[in-house]
Amino acid sequence: MSDIIKTDQELRRLEELNLLEEAGVNVYPYSYDKTHSSIDILTNFDDANPEVLSSVSVAGRIMSIRRMGKASFCHIQDDSGKIQIYLKQDELPDFYEKTKLLDIGDIIGVKGFVFRTRMGEVSVHSKEIVILCKSLKPLPVAKEEVDEQGNKIVHDAFADVELRYRKRYIDLIVNPEVKDTFKKRSKIIATMRNYFDEQGWIEVETPVLQPIYGGATARPFVTHHNALDIDLYLRIADELYLKRLIVGGFEGVYEISKNFRNEGMDKMHNPEFTSMEIYVAYKDYEWMMNMLEDLISKLCIAVNGTDEVEYDGQMISFKKPFRRASMYELLKEYTGHDLQGKTKDELISLCKEIDVPIDPKSSFMKVLDEIFSVKVQPNLIQPTFNMDYPLEMSPLAKKHRTKEGLVERFELFVSGFEVANAFSELNDPRDQRERLEDQARERAAGDDEAMILDEDFLNALEIGMPPTSGLGVGIDRLVMLLTGRKSIRDVLFFPQMKPETK
């Protein structure tokens, strides 16, 4: 065994493991035939017809043990919940004494019949027990009591947020409600896939390792390919590759994928995140707005049974239609100033007046974006489509058909943060080249998040891309909204964490 110092409890569990093996017990068998889950039993047991569950086989992790001489009770927890197990000495002659070597955290299999105890709890009366895994480390199991007023008090809960994120496997065991969030996440993604598949749009895969990163303004992670002796980048977005597929003749493609951005971490950002991007030919951003609000409304109903959800103390309604307003309209509403047509210097002067901190070296795009982030975004609680951005802020979007200097773009904001971003996609290769060249100049001037000019993408546009609308949805943020979670770490099984200090 390892030379790492072990606690008294760990040493005792090792001793129990040795005693079991010396008694001929295979503590780590290969499989177990399980016939029922705990929820199956609790849902289907009928006092008037108990023989329906006269023979069951269940398996799970021991979460509590009460030894009472010649009889004992324990609760085991499986994927669906907990069920009580009743053990009687004279019915388990070859095993009952060995139950003294069982601990909370051990995984067992139980065969028997279902009955209701005198205390009214549906339980499995065990006829056979098999040890499936001996736990060598103790679990931080909480203890509960009820005070005189009937309030439940929990002691020793596994509540340290940092530790829960680092040891998610423990968090899932001792805080089973966490599983519900991730089951809902799975349902959200499955429902989204089904919605798209029913429309005939196909799911595709694009490269994670890219020679030129693009599709967003962000810093990438860099790696090196030894065989080719070239640097590659982890993708920051799927956009430019998905558009190539539209050029190739597909009329609806989507991808649910991991993207990577070398940026800071907070409750809304993780360097590795999940997004969904979809591109549909012959459509524009107005059509995409209609599709997105229909999709999100359906997702909310699928997960919560209603098109409303409580988030951060406020009731959010995803009932269609969502509010639609132009970016400059919202800026005027929440700053009291008409910013359309203002120069960068005028915006910087305004920042001082309205108390928005800004670096004077920032580009026009960043100054305007910061004013929006500080003054507008926190007020967008109910679903709001922020539409029609300045051209400088959207190098991949088509110029607005009627509004000079703007593009056909929207972002969806809910509860003060962005959930989705969409365009009427730019398909004029001449215009696209000019804008990417502008981005290259911004990059040369010191903006390391500006886009890189991608000649192969421009070549694809020169082959010809039909009118197209594209959409990106932050899956993690959407899951946060629909499950009421306040941090992106709550909806990621294994969020990125700072190294532990020794």
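Over the ring of which residue does the charged end of Lys486 sit? Select Lys486 together with Tyr311 in this predicted model, and you will find the charged end of Lys486 placed over the ring of Tyr311, at 5.4 Å from the ring centre. A second arrangement of this kind can be brought up by selecting Arg409 and Tyr389, where the charged end of Arg409 sits over the ring of Tyr389, 4.2 Å from its centre.

Next, turn to the aromatic rings. The structure holds 15 aromatic pairs, and one to display is that of Phe73 and Tyr86, whose ring centres are 5.1 Å apart and whose planes make an angle of 40 degrees, a tilted pair. Colouring the strands helps here: Phe73 belongs to strand β2 (residues 71–78) and Tyr86 to strand β3 (residues 81–88), so the pair ties together parts of the chain that are 13 residues apart in sequence. With the surface switched on, Phe73 proves to be buried, at a relative accessible area of 15%, and Tyr86 is buried too, at 16%, where the cut-off for buried is under 20%.

Stay with aromatic side chains and select Tyr195, Phe196, Trp201, Tyr254 and Trp287, which form one aromatic cluster.

Return to strand β2 (residues 71–78) for the cysteines, and select Cys74. The count of disulfides in the model is 0; Cys74 is accordingly in no disulfide, and the nearest cysteine sulfur, which belongs to Cys133, is 15 Å away. Cys74 is buried, with a relative accessibility of 4%, and if you then move the selection to Cys351, that residue is likewise buried, with a relative accessible area of 1%.

The last stops are two helix packings, best viewed with side chains hidden. Show helix α5 (residues 177–198) and helix α13 (residues 475–483), which pack at an angle of about 120 degrees with their axes 10 Å apart. That angle makes α5 oblique to α13, and the crossing of these two helices is right-handed.

Then replace them with helix α6 (residues 239–247) and helix α12 (residues 455–463), whose axes come within 9 Å and cross at roughly 25 degrees. Angles under 35 degrees count as roughly parallel, and α6 and α12 are therefore roughly parallel to each other. The crossing of α6 and α12 is left-handed, whereas that of α5 and α13 is right-handed.

Methods: Residues numbered from 1 in each chain as written. Predicted model: local features only at pLDDT ≥ 70, side-chain atom pairs only at ≥ 80, totals over all residues. Heavy atoms only, no water. Phe/Tyr/Trp six-rings, centres within 6.5 Å; stacked < 30°, edge-to-face > 60°. Helix = DSSP H or I, 4+ residues; strand = E, 2+ residues; numbered from the N terminus. Buried < 20%, exposed > 50% of the residue type's maximum accessible area, 1.4 Å probe, protein only. Lys NZ or Arg CZ within 6 Å of the ring centre and 35° of its normal. Disulfide = S-S within 2.5 Å. Axes fitted to C-alpha atoms, helices over the stretch in contact; angles between N-to-C directions. Parallel < 35°, antiparallel > 145°, perpendicular 65-115°, else oblique. Left-handed = near helix turned anticlockwise from the far one by under 90°.
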